[in-house]
Amino acid sequence: MCGIFAYLNYLTAVDRQSIADILTQGLKRLEYRGYDSAGLAIDGDSDGEVLIFKEVGKVASLQKLIQEQNTIDWTKTFTSHCGMAHTRWATHGQPSRINSHPHRSDTKNEFTVVHNGIITNYRELRLVLEKKGYTFESETDTEAIAKLAKYIWDSQKGNKTLTFTDLVKGVVKELEGAFAMIFKSVHFPNEIVATRRGSPLLIGVKTPKKLKVDFVDVEFGGIAEEIPAEVEGAPTTFSSLEVPKLRRSESRAFLSEDGLPQQIEYFLASDPSAVVEHTKTVLYLLDDDIANIREGELRIHRLRRDDGISSIRSIQTLEIELAEIMKGSFDHFMQKEIYEQPESVVNTMRGRVNFDTHKVTLGGLKTYLPTIRRCRRIVFIACGTSYHSALATRAIFEELTEIPVSTELASDFLDRKTPIFRDDVCVFISQSGETADTILAMRYCLERGALCVGVTNTVGSSISRESHCGVHINAGPEIGVASTKAYTSQFIALVMIAIQLSEDRTSMTDRRNEIIDGLHALPGHIKEVLAIDQELQRLARDVLHKEKSLLIMGRGFQHATCLEGALKIKEVSYMHSEGILAGELKHGPLALVDENMPVILIMTRDSLYPKVRSALEQVTARKGQPIIICNKGDDAINAESKTIRIPQTVDCLQGLLTIVPLQLLSYHLACLAGVDVDFPRNLAKSVTVE
């Protein structure tokens, strides 16, 4: 949750208004991560002055507040300056100016910090700091970070060798939980320190000349002196301050050919969508990296050398384009992403499916295929929409591989301390690759020796780095909170994994070929469904808009569609909706059905068609008037019934088509309700907290 952004210019003249515009525009790109409130911190006119602006609501409210500041000289130019900003998804304390970020250490703003994540031991830290005389203003966990930085600074005033990096190391050492943080201080002007653990953070670099090398060295340090003794009676914490004993002493990438610093700008962000309009040259921080940017140079520090952690950080080139993260001619990002699905499913398959030879090749799994085929069971672990994609493909996995497959919600998986063994294969599905519960479940499985496979949409994410192998779904950037094309691309990626795992089974050749032919026809079929959008809009307006509740029923391959469709309707339109397995109708849910209860029934032509017809008869016998999602040309359905007709495809791929009408219905219901489609209340896209 939350989006953090920072901008630092060195030997590059930029006026204060432009700095504020860069920061707020960066926040707008990150607003899908949280939109309860926003704030930023920039330098004032005198040395040691930091200006903080915070406002409740979206970034537009913050921009309006800044425009009203008539006493500030917005034309003042800085050749070197660092500013930072934050858009919030509230976890501790209600949305308010005082609870908004950046948070400060004191009334003089000696240390300011923006933070994404949750500090789980903030209460203990707050108690200690309050006993030491530090006064807290907000209800947040983040304020304890800023106060802790101030405490370490006050304790080390006599230490003239204390650097900003040393100080942040001392802070990080005391923190428990998940975080990505950026620090700014009046004691270290034009300098930024950033660090992450469990929450994403990347650094974009913009220079007039090409960088000398495509990597940054990592500097390792050790433990140094102790922080002064604790106040008597206070809880024990603040053990020691880490001061680096550097292994390397130069940041080779950021010097010019003559060895002198060059003009340079840095952009720090939670997501590449916030920096792509400025630069495509980026570097992803790993957990426990501490990045220091000072006098044009970026240095990356770690407290100690960890096994398996590289001693360099590669500088990469972003592949996304600015146009991909803009709405274009669409009214909302969600609408754009629904309509992009014919292209996004092609991107997921591109270079992996040979439709002529009926062969699937997933390079990320190649080395591990024999191990996966020998496993005792496959465990899918995910949250929300990603969990539904696992549920949608479980049956075809079991059919093609004849390996038992279970699906687990990551939070419940952890709560139960589920038994995992070395001959298990655990598949972790996450659009962002940063979902906190899924990452913790992955680390739990890694500790127990299971083979861990990641299925994500984000190169450089925690899951893609920490898993043994995996598949990138290549769905393109998703800006709206409701994951639409991620669902269909994850669905296809999992089907491709199942096909490749079964390629050694001759008895399944015809079935595999049938599925691959279905994948080939899929983009055209999705376009056919999108063509009935006007019909779906009328259905939403005339039949469903005024309703308070909605039941969506199906079984077999369509059960996951029911759950995902109900979730979409809930999260973007706030209408109560429930996905029901039609086989369970008689065991309770049928009591809800009467002439006033709207029902959507998914009844496509597959092996379970007669059983779903039985469910239809049970509903109509209770005076229900269901809307039926069925295949084109199905004449067995009463002509008087309300129908949504879609193309017929292979049974295991039919869910890729039945979900699209439900995505469109959820979008239209949200628009009719007058809610903000792309920013549903109480939700954020990248769930980086438990």
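**Inside a 690-residue predicted model**

Gly 554 sits in strand 25 (residues 549–554), where a strand is a DSSP run of E with at least two residues and a helix is a run of H or I with at least four, both numbered from the N terminus. The model is predicted, so local features need pLDDT of at least 70 and side-chain atom pairs count only at pLDDT 80 or more, while totals for chains, interfaces and linings use all residues. Residues are numbered from 1 along each chain as its sequence is written, and side-chain values use heavy atoms, leaving out hydrogens and water.

Back to Gly 554: with 0% relative accessibility, Gly 554 is buried. Here buried means under 20% relative accessible area, exposed means over 50%, and partly exposed is in between (1.4 Å probe, protein chains only). Setting aside residues up to four places away in sequence, Gly 554 touches His 559, Cys 562, Ile 580, Leu 581, Ala 582 and Ile 602, with contact meaning heavy atoms within 4.5 Å. Leu 601 is 47 residues from Gly 554 in sequence, yet their C-alpha atoms are 6.0 Å apart.

Two of those partners, His 559 and Cys 562, are among the buried residues of helix 16. This helix covers residues 559–573, and its end C-alpha atoms are 21 Å apart, which agrees with the 21 Å that its 15 residues should span at 1.5 Å a residue. The expected span is 1.5 Å times one less than the number of residues. Helix 16 is mostly covered, with 12 of its 15 residues buried, including the charged Glu 564, Lys 568 and Glu 571. Right after the helix comes Tyr 574, with a positive phi near 65 degrees.

Helix 13 (residues 485–501) has 17 residues and reaches 24 Å from first to last C-alpha, close to the expected 24 Å. In helix 13, 17 of the 17 residues are buried, so the rest of the structure largely encloses it.

The loops have their own quirks. Between strand 4 (77–88) and strand 5 (103–104) lies Pro 102, and the peptide bond that joins His 101 to Pro 102 is cis, with omega near 0 degrees. Glu 295, in the loop between strand 15 (290–294) and strand 16 (297–302), has a positive phi near 50 degrees despite not being glycine. Glu 295 is partly exposed, at 44% relative accessibility. Lys 417 also has phi near 50 degrees; it lies in the loop between helix 10 (410–415) and strand 22 (424–430) and is exposed at 61%. Lys 157, in the loop between helix 4 (143–155) and helix 5 (164–172), is exposed as well, at 59%. From Lys 157 to Arg 605 it is 448 residues in sequence and 75 Å in space, C-alpha to C-alpha.

Zooming out, the chain has 18 helices and 29 strands, and its C-alpha atoms fill a box of roughly 85 × 55 × 55 Å along the principal axes. The radius of gyration is 27 Å, which agrees with the value near 26 Å for a compact globule of 690 residues; the radius is taken over C-alpha atoms, and the globule rule is 2.2 Å times the number of residues to the power 0.38. Buried residues make up 60% of the chain. Of the contacts with a separation of 6 or more, 75% come from residues 24 or more positions apart.
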